[in-house]
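User: I am new to this structure and would like to understand how its labels are earned. Could you take me through the reasoning behind them, one at a time?

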Amino acid sequence: MVTLNGTLGIDDFKHVLFEKQSIQIDNNVLKTVEKSFEFLKTFSEHKIIYGVNTGFGPMAQYKIDDSERQQLQYNLIRSHASGTGNPIPPLYVKAAMLARLNTLCLGNSGVHVSVVKLMAQLINKDITPVIYEHGGVGASGDLVQLAHLALVLIGEGEVMYNGEKHTTTDVFKIENLQPISIHLREGLALMNGTSVMTGVGIVNTIYTHQLLNWSITASSAINEIVKAYDDHLSFELNQTKKHKGQREIAELMRAHLKDSTLIKKRAHHLYNAAQNVSVFKDKVQEYYSLRCVPQILGPVLDTLNQVETILIEEANSANDNPIVDVKNQNVYHGGNFHGDYVSLEMDKLKLIVTKTSMLAERQLNYLLNPSLNNILPPFVNLGKLGLNFGMQGVQFTATSTTAENQMLSNPMYVHSIPNNNDNQDIVSMGTNAALITKKVIENTFEVLAIEFITIVQAIEYLEAKDTVSSKTRAIYDAIRKIVPVFKEDIAMYPYVNAVKAYLMNQKD
């Protein structure tokens, strides 16, 4: 059980999203929400408060009659539930719901307590609104996507329930749930914020941590099976660089290889070598994709940690407009809904994930090209050369997918287009940035899946499964349960997809 008490951490998101733990709202938080609502209700009398008794956006110059205030909120929700494209998967929608619920629980939005109670029920019952990818410009937050959430809370629209799409009305009847009623500004409060881009972004960071761990595993295993030298991973060498991430990556790789019998000691093989040799049989140094892993994945780790910090800060922030301040007895109008923080972090995240896929693709190419590794047959072909193809076909997929990542890594952060009659004259495109990053992450799991299949095939050819480190043997055994040893050519796509699913489902 996760208790909402004012602060959500990354582990709370993991517990709810991946372990399907239930949530409960702390009583003090419920009291905070109630106080915020009662204060706004009283404070807004005889005052002009945006979104309570005015129109929205460029229409804010129009005063709304008291008798039409409730209809105003319903009109806003229905008119902006205009998303198109593919539905966002329920996991990501649930993350967005949790992020939105948390910000409403801060007491800066003035919503009726029934809103947070119903949202908690939907999360606990695994009922997620159908929200579409297209529609968010990330300025007044995720207006269009969050309108689909608000639509469900008023009992309309569609939801995903037991893995299928249903009308909200039908599911509410089955689960005996009551839609919320509009009291003051529930429509705008639900829609004005960065919660979809934040929720998607937090799931992205969780999956990127997994990608990074798998990349460390693959990089360690490749260094091992080609009998690379140990000093590029040494504590002493990496301590001469001040970056925390590089040092940590090197340490993790050393831990992976600590019981390896294959990694070579430079002092044994070269420092004590005969000096009258004119051409060395073995490489003096490895290719960059093997030797420079701490320097490549170090900035990935450092950036990922920063991205996660910013995303969690956003999830624990008031990103509404206006902001209700009970303590100071005031209502402040501003732009906390603007998504630039998330947009920039998502662009940074997709850059480092793309670099991770590029590293995997180059390591894969190293294994497949006998002119580079000098120990494996072309394409790690365990069959008859010329007749069989080994991993030749699936390399095209890895190359193509990596190229797509490189194209998708162009930033959304600087792709603002004015809209809303130029009221929103500079926007974040944060939701687009988060969703494109999601695609880049999924692509990278595919490239890593192909790399791991190749690694275990290489171990098979080298007959090294009993001499590799215990950690490499563990991943060898896991992949071999999914992909059999193959010499004859087989259709690879089911195995790539199965290994991808395995890599994505292994949580820390």
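Analyst: Let us begin with a sheet in this predicted model: 3 strands form an open sheet in the order β4-β6-β7, and the pairing is antiparallel.

User: What makes β4 and β7 the edge strands?

Analyst: An edge strand is recognised here by its pairing: β4 (128–129) and β7 (164–167) each pair on one side only.

User: How do you know that β4 and β6 are paired?

Analyst: Two strands count as paired if at least two bridges are found between them. β4 and β6 (residues 158–161) are joined by 2 bridges and run antiparallel, so the pair meets that requirement. Within this pairing, Thr128 has Met160 in β6 as its bridge partner.

User: What joins β6 to β7, and what do these two strands form?

Analyst: There are 4 bridges between β6 and β7, which run antiparallel, and with a requirement of at least two bridges they therefore count as paired. One of the bridge partnerships links Glu158 with Thr167 in β7. The two strands form a hairpin with 2 residues between them, and in the turn Asn162 has a positive phi of about 55°.

User: Turning to the whole chain, how is it divided into domains?

Analyst: The division gives domain 1 (2–192) and domain 2 (203–505), and the C-alpha centres of these two domains lie 36 Å apart. The contact between them takes 46 residues from domain 1 and 40 residues from domain 2.

User: How much area do domain 1 and domain 2 bury between them?

Analyst: The size of an interface is often given as the accessible area lost when the parts come together. For domain 1 and domain 2 that buried area is about 3400 Å², with 61% of it on carbon and sulfur atoms.

User: Why is the meeting of Asp320 and Arg185 called a salt bridge?

Analyst: The rule asks for a side-chain nitrogen of Lys or Arg within 4 Å of a carboxyl oxygen of Asp or Glu. The side chains of Asp320 and Arg185 meet at 2.9 Å, N to O, so the pair satisfies that cut-off. Across the interface of domain 1 and domain 2 the rule finds 1 salt bridge, while 16 residue pairs there are in polar contact.

User: Which elements supply the side of domain 1 that touches domain 2?

Analyst: Those giving two or more residues are α1 (10–17), α2 (27–43), α4 (90–104), α6 (143–153) and α8 (186–191). The largest share, 7 residues, comes from α4. By residue class, this side of domain 1 divides into 23 nonpolar, 17 polar and 6 charged residues.

Notes
Residues are numbered from 1 along each chain as its sequence is written. This is a predicted model: local features need pLDDT of at least 70, side-chain atom pairs count only at pLDDT 80 or more; totals for chains, interfaces and linings use all residues. Side-chain values use heavy atoms; hydrogens and water are left out. Domain bounds come from an automatic or database domain assignment. Contact means heavy atoms within 4.5 Å. Buried area is the accessible area (1.4 Å probe) that two parts lose on being put together, summed over both. A polar contact is a pair of N or O atoms within 3.5 Å; within protein, one must be able to donate a hydrogen and the other to accept it, and residues adjacent in sequence count only if both atoms are side-chain atoms. Ala, Val, Leu, Ile, Met, Phe, Trp, Tyr, Cys and Pro count as nonpolar, Asp, Glu, Lys and Arg as charged, and the others, Gly among them, as polar.
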